[in-house]
Amino acid sequence: MATSAAPAPQRASGIDDDPPGTTEHENHSAAADPASDAIGDNAAGRATAAAPDPGADRSGLAPPRARVERRRPAWVSLPLRFVLPALIIAAWWIGSATGALSPQVLAGPPKVWSALLELARSGQLTDFALASFTRAALGVALGVTVGMALGLLAGLSSLGEELVDSTLQIVRAVPFLALVPLFIAWFGIDELYKVLLIAVATVAPMYAYTYLGVRNVDRKMVEAARGFGLTGVRLVAEVILPAALPGVLMALRVCLSISITGLIAAEQVGTTEGVGYLVTLAQEYNRTDYMVLCVVLYALLGLVFDGAVRLVERLAMPWRRQVAMR
């Protein structure tokens, strides 16, 4: 009796033959790790979510603002500086024209202008203004130089602070106007007395601001500069002084304003020219127009000093203009 051939073993339904080159280990790994497909799907989903959608609505996002300095035009900024002085002069003019201000108390602008023209024609205006400017400039230069040197000494060295600080605090506490009689007795009534009085008036503010500016310099910056080989004079000139420059320039502005007060006190005694001498003449002859003119001249001298400091600030620290809110 003929026996029938045994049927060939069949594969499980739904499983195709392995492609050429596929090993049994790879097939086992793919079958044994069903989570790999889910991980791939999640990664693809994240990539899709991260990609920007061209059709998405971005109306709620503010565009970044460019860091560009916005400055007013000169024809707008310059008149703004003269608005308040112009209003004061207008009120003064109206008060003198309507009789609200007595000429014996305060001369009107027309009389002050006439006095100015009178002095200008005689040549005294130029001589008096130059004499006062020279005294103030020499006194401020001397006081600022000494004050800055002492401020650097006390700020950079503990020994320098112990030697200098107490003396400068005494000078700062004593009103310089109280020194006028002593300076006259010591130095006479010549130009030396006037220059030294202005110098003493300005040395204490310059010392204080320079000392604080040096002490506020970041120590890490100084250590970094020393690491690059900067020491001694180069360290002070290239690192410490530029870092303390805002305080030094503020001290210079304060010193220039104080020098006007010292100039008034110095020119009251033993002077034959200068704005202070003009004030003395106005008091003797009761000329209120000359008195007001002297006040205007002192104000103009202060504006010249302030303009010089502003120019130095603009050249030395151009980044400070970007701090102001426009």
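1. Before we get to the charged pairs, a quick word on terms: buried means under 20% relative accessible area, exposed means over 50%, and partly exposed is whatever falls in between. E223 comes out at 37% relative accessibility, so it counts as partly exposed. Keep in mind throughout that this is a predicted model.

2. The overall picture is easy to describe. The protein has 14 helices and zero strands, so anyone reading along the sequence meets the pattern α-α-α-α-α-α-α-α-α-α-α-α-α-α. Of the 326 residues, 28% count as buried. About 22,100 Å² is exposed, and carbon and sulfur atoms supply 64% of that area. As for how the chain meets itself, take the contacts between residues at least 6 apart in sequence: 72% of them join residues at least 24 apart.

3. Helix 11 is worth a look. This helix runs over residues 232-243, and its twelve residues should span 16 Å at 1.5 Å a residue; the end C-alpha atoms are 16 Å apart, so expectation and model agree. Its buried residues are L235, V236, V239 and I240. They cover an arc of only 125 degrees around the axis, which means that they sit on the same side of helix 11. And what covers these buried residues? The cover includes helix 6 (124-156), helix 9 (191-215) and helix 10 (219-227).

4. Now to the surface. L80, V83, L84, L87 and I88 make up a nonpolar patch there, with about 510 Å² of accessible area together. Helix 4 (residues 83-98) gives the most to this patch, namely four residues. L84 is in helix 4, and with a relative accessible area of 59% it counts as exposed, because the cut-off is over 50%.

5. Back to charges. Side chains of opposite charge can pair when their charged atoms come close. How many salt bridges does a search of the whole structure find? The count is nine. Two of them involve E223, the residue from the opening point. One joins the side chains of E223 and R219, at 3.6 Å from N to O. The other links E223 with R226, where the closest N and O atoms are 3.5 Å apart.

6. Both E223 pairs stay within helix 10. E223 and R219 are four residues apart, about one turn of the helix, while E223 and R226 are three residues apart, again about one turn. Are the two arginines exposed or partly exposed? R219 has 61% relative accessibility and counts as exposed, whereas R226, at 44%, is partly exposed.

7. Helix 14 (residues 288-316) has a salt bridge to check too. Here the side chains of D306 and R310 meet at 2.9 Å, N to O. The two residues are four apart in helix 14, so about one helical turn separates them. D306, at 23% relative accessibility, is partly exposed, and so is R310, with a relative accessible area of 41%. This pair belongs to a wider arrangement: salt bridges that share partners join R253, D306, R310 and E313 into one network.

Conventions:
Residues numbered from 1 in each chain as written. Predicted model: local features only at pLDDT ≥ 70, side-chain atom pairs only at ≥ 80, totals over all residues. Heavy atoms only, no water. Buried < 20%, exposed > 50% of the residue type's maximum accessible area, 1.4 Å probe, protein only. Contact = heavy atoms within 4.5 Å. Areas by Shrake-Rupley, 256 points an atom, 1.4 Å probe, with all protein chains shown as cover. Expected span 1.5 Å × (residues − 1). Arc of directions from axis to C-beta. Patch = residues over 30% accessible without salt bridge, like charges linked within 9 Å, V, L, I, M, F, W, Y side chains within 5 Å. Salt bridge = Lys/Arg side-chain N within 4 Å of Asp/Glu carboxyl O.
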